[in-house]
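Subject: Structure for your review

Dear colleague,

Please find below the structure that I am handing over to you. My notes on what was found in it follow directly after.

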Amino acid sequence: MSVFATEAPALKTPLLQINDLTKHFALNGGFLGRAAGVVRAVDGVSFDVAGGETLGIVGESGCGKSTTARLLVDLIRPDSGQVVIDGRLVGVDMSVREMRRHMQMVFQDSYASLNPRMTMEDAIAFGPMVNGESKARALGLAHELLAKVGLEPVRFAGRYPHELSGGQRQRVNIARALAFSPKIVILDEAVSALDKSVEAQVLNLLADLKSELNLTYIFISHDLNVVRHISDRVMVMYLGQVVEIGPVNSLYAQPAHPYTRALLGAMPSMDPDRRTMEAPLAGDPPNPINPPTGCRFHTRCKFAAEVCSQSQPIQHILADARHYAACHAYTPGSGHPGLGMSS
Amino acid sequence: MTQPLVDVRDLFVTFHGERTVHAVNGVSLTLQAGETLSILGESGSGKSVTLKTLLRLLPEKRTRIEGGVRVRGVDVTTLSGRSLADHRGGVVSMIFQDPMLALDPVYTIGEQIAEAVMRHEGVSRAAGRVRALEALTRVRIPSPERRLNAYPHEMSGGMRQRAMIALAIACRPKLLLADEPTTALDATVQIQILLLLRELQQEFGMGMIFVTHDIGVAVEVSDRIAVMYAGQIVETGSLREVISAPQHPYTRGLLAANLHGAAKGERLSAIPGAPPALNEAPTACPFAPRCPSKIDVCERILPPVVRLGPERYVRCVHAAAVASPA
């Protein structure tokens, strides 16, 4: 199934291609153990990531951004869909084990991510050792990586997770993710639990590592300011689907999808004279169990027309050729009268 | 001048236990009726502890409170028994980050609100239910009649937050304390709750103290801001003064690290290091080890609290130089 209305301009093969990724979770507890419903956590998600680029993924809870990340590295097995790295299809041309050497992940909870009974050097050296590296070389690598993330090996190598602050632990998690010299690092709310002053330090570190090691990031966050700062392109998700994707400047300056507009409009103002006077959306995001028909946003969208509850919108290309939005208003002949000039 | 709604003088809060923590180290603040103050700070800065002191929610046995804490002229530190119970929920109410922990899971929303009204105002159960319905309507919960009989787990996150606010305002408190009430919410829900709180605060003329780590949230709700670091207020002033002309190096760093309007790819001017552990009460400027403007004296003495104007104070030796010509 192609989700794009228009062919994307021919680019060189992207480093990472995701095609139609889908994961539905069955809910237990129905009559006689039958499934009581289906959570459509990720439903037909497709996107590309170019080498050296940072793709930000934003959306509210239940939109499927973290599930997407877990599907990418096969922490959750997808129901269907393809993950292609460097033109090689994972599971066919490339084993899951090899894929994980190319694509590593850093999680939000820095404490839960580390074994409390392992020292920092052991935690970082563990992966390489399991993959056949000698202990001496793995420990040498661990020390090198600790230095790289700004933690003096002499002081930190022998420490346990509880002896480190949250920011320091997250540095260790980043070092561990780098132990295989991955091409892609997925950062799932990796700075969200940190205090602002520490968050800025870790964001600077990520920027340094990216240019030094030529990394590609997928940066998942609910913080639109952080995403704007770090990303080249941004993908907006709503109830398991991609509603908009585009270059960061284009997307923040000219958000096309009504949901993206609402999300940006909900950001607290930083100007005491221009406080927010009206909330852009009422109510909570609907439950991803049995989501609305047609466009999943139509129940909260002030531009919703008849067509929106009937058929699912396709990704439509916008003025900037790399900017897409899945909204009937942009599809000629869809029967939608358009968004007008108001936003 | 009329008596302030809240008057905190030289508050020190120390926790004793396995280790001693000097959580609050000399906080003074006042709040007038109908005013909103935001306390901005990072984890461990003492902002929540200051707030909980006003309701005496800290564990009695392990906490030592020194200094004056007055709400409407009443010394909160001496309250006990019935008078403390009257104070809590009647005069001062609090809303929290996690409504699931603030609401009782085995009673319906209606029962919980009615009970609070009955206890504080001595009205009948039926009258309490009427007031509960009013409160739920006031916080704009959809179909409030139905929600009276709902249990907390039957509601969505944003709706539970509204229910907790309804419970807090049901007895028309003079002071509402808000401890990061929107931090766990999604962006589009957060702004709805902030607007609701702003509206309720104005309509009821409540004083509000709003604790947050998010500058944007503080801008949306407050008249004044107090910035806390290591258990001290390092800077306070009107919202405009603090946001547009921050004086303390920590406030400046925090504003720079907040990324609002930071250009893409630009290096962030991060504050190096981490906050101090507070095992001992500070005897010098606690921010000195991280401060770009540190001079010798900063590591020797506690910086003075410098008055820059009415309700405008900065705790920094450099501010003294700014203030002296005036």
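With which residue does Arg138(B) form a salt bridge? The partner is Glu203(B), and the closest N and O atoms of the two residues are 2.3 Å apart. Please bear in mind throughout that this is a predicted model.

Salt bridges in chain B

The two partners of this bridge belong to separate helices: Arg138(B) lies in helix H5 (residues 125-138) of chain B, whereas Glu203(B) lies in helix H8 (residues 187-204) of chain B, so the pair ties together parts that are 65 residues apart in sequence. Glu203(B) is partly exposed, its relative accessible area being 46%. The contact is also part of one network, in which salt bridges that share partners join Arg138(B), Arg140(B), Glu199(B) and Glu203(B). Over all chains, the structure holds 31 salt bridges.

Salt bridges in chain A

Two examples from chain A may be of interest. In one of them, Lys196(A) forms a salt bridge with Glu199(A), with 3.1 Å between the closest N and O atoms. Both residues lie in helix H7 (residues 196-213) of chain A, where they are three residues apart, about one turn of the helix. Are these two residues buried or exposed? Lys196(A) is buried, with a relative accessible area of 12%, and Glu199(A) is buried as well, with a value of 3%. Both values fall under the 20% limit that applies to buried residues.

In the other example, Glu152(A) forms a salt bridge with Arg155(A), and the closest N and O atoms are 3.7 Å apart. Here Glu152(A) is partly exposed at a relative accessible area of 44%, and Arg155(A) is partly exposed at 47%.

The sheet in chain A

Chain A also contains an open sheet of four strands, arranged in the order S2-S1-S4-S5 with antiparallel pairing. Its edge strands are strand S2 (37-49) and strand S5 (88-89) of chain A, each of which pairs on one side only. Within the sheet, strand S1 (residues 16-27) and strand S4 (residues 80-85) of chain A pair in the antiparallel sense over five bridges. Which residue of S4(A) stands opposite Gln17(A)? That position is taken by Val84(A).

I would be grateful for your comments once you have looked through the model.

With kind regards

Note on methods. Residues numbered from 1 in each chain as written. Chains lettered and ligands numbered in written order. Predicted model: local features only at pLDDT ≥ 70, side-chain atom pairs only at ≥ 80, totals over all residues. Heavy atoms only, no water. Pairing = 2+ DSSP bridges. Helix = DSSP H or I, 4+ residues; strand = E, 2+ residues; numbered from the N terminus. Salt bridge = Lys/Arg side-chain N within 4 Å of Asp/Glu carboxyl O. Buried < 20%, exposed > 50% of the residue type's maximum accessible area, 1.4 Å probe, protein only.
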